[in-house]
Amino acid sequence: MHSLMDEDGDNPIPNLDDEVHVHFTGTLLLDGKKFDSSSDRGTSTFSFTLGRGQVIKGWGEGMRTMRKGEKALFTIPPELAYGKSGLPPNIPPNATLQYDVELLSSTSSKDICDICMDGGLFKEILDEGEKWENPKDLDEVLVKYEAHLDDGTLVAKSDGVEFTVKEGFFCLALSKAVKTMKKGENVALTVKPQYGFGVKGKPAHGDEIAVPPNATLKINLELVSWKTVFEVTDDKKVIKKILKEGEGYKCPKDGAAVKLKLIGKLQDDTVFLKKGHGDEFTTDEEQVIDGLDKAVMTMKKGEVALLTIAPEYAFGSSESQQELAVVPPNSTLYYEVELVSFIKCFQDILSGDIGFTVHTTEESQNGNFDSILMSSTTVHPRYSHLNLEEKGMHYNGDASHVLTLATTFRLVLFCRLIVHVII
């Protein structure tokens, strides 16, 4: 029954419930007439699951003796093929059949994931993806896919289509599957009707052919990339979509000095604000609208994002004259923002995120606390107009960036307390 033509002995033999992928050509032993082949089905491969009765018994038994890459010729008697009835019009009664078969690959049932745990959607990983993150409902994914009917007929394909996970595309299976995938992952899906087009099927549309009622689909799906989208505020009125990932993991906090490049637009694409030189503001100081303030505090250095800000977090019911245009009342605003850099707030300095040292002078060591020398520190711009010399303090460095006067006072008091305790 099984005539060996080529063999790769290093590969395992498939087991019951494994899915096998083959090339084949079937002929009648009597006259050599071809009655079937995988290429005639409109696809280069044919797939089936061993032990499920999806092919004739003789072919199923023969496949369980093969290895990946092996080519074989099966000679199958009628009792293990179509018996006394045959398969009109191509296979007569009591016909002995020959199959020229190449086993391209097989997938263990252990490697197949039941995505929805109801037997309706199975995923086989063909190529592993990168990292560990998966897209969420609000994210925008870019995929490539190719969908076939069970008999190999091509239904639809795309070399790149973008959609929001929650809204889905083509059929329900795609949105379900991408939520389990990593960037760059390539999978084969087996889609039962409940995750395809159900009892109604799908009519033909454009280049896509009709999908019959209750059809099972085979879909190859690749997750090319995605843009992370999340709700900055609990009421979902400030939304951020990441266009370019930032560096590291730290974000600005309250009181941080941030530098931004940004373009602000109205819903009709009217540009009302444009800052391209790294304009600076301080977070949580009401120097910008609340929605922009909150969104920036979720960004990392170098990150580029699109923000959608509802009126409640923008200018509300008031009209606002901006740099390039008037923002009408109750306007939703759209910003493209790049976080160029940020300097941490004084709480970070006190907690040790930015190192600094305090040196007492000889006078202070002798009990004169009027002079304290501080190194590796600078002062936030909004306090640079104050004269620290008048406060009895000297410091080194550029008085333009981080350490607030309030922090300086706290350090003075702290040093005095330490000295008093020692004395």
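## A tour around strand S11

Begin by selecting the cysteines: the structure holds zero disulfides, a disulfide being a pair of cysteine sulfur atoms within 2.5 Å. Of the cysteines, Cys 171 is buried, with a relative accessible area of 6%, whereas Cys 251 is partly exposed at 24%; buried means under 20% relative accessible area, exposed over 50%, and partly exposed in between, with a 1.4 Å probe and only protein chains counted.

This is a predicted model, in which local features need pLDDT of at least 70 and side-chain atom pairs count only at pLDDT 80 or more, while totals for chains, interfaces and linings use all residues. Residues are numbered from 1 along each chain as its sequence is written, and side-chain values use heavy atoms, leaving out hydrogens and water.

Now show the whole chain, which has six helices and 23 strands; helices (H or I, at least four residues) and strands (E, at least two) are DSSP runs, numbered from the N terminus. Buried residues make up 40% of its 423 residues.

Next, select residues 186-191, which form strand S11, and where six of six residues are buried. In a regular strand the side chains alternate between the two faces of the sheet. In S11 both faces are covered, with Asn 186, Ala 188 and Thr 190 on one side and Val 187, Leu 189 and Val 191 on the other.

Then add residues 121-127, strand S8, which pairs with S11 in the antiparallel sense over six bridges (two strands pair if DSSP finds at least two bridges between them); here Lys 123 stands opposite Leu 189.

Finally, select residues 217-227, strand S12, which runs antiparallel to S11 and is joined to it by six bridges, with Asn 220 as the bridge partner of Ala 188.
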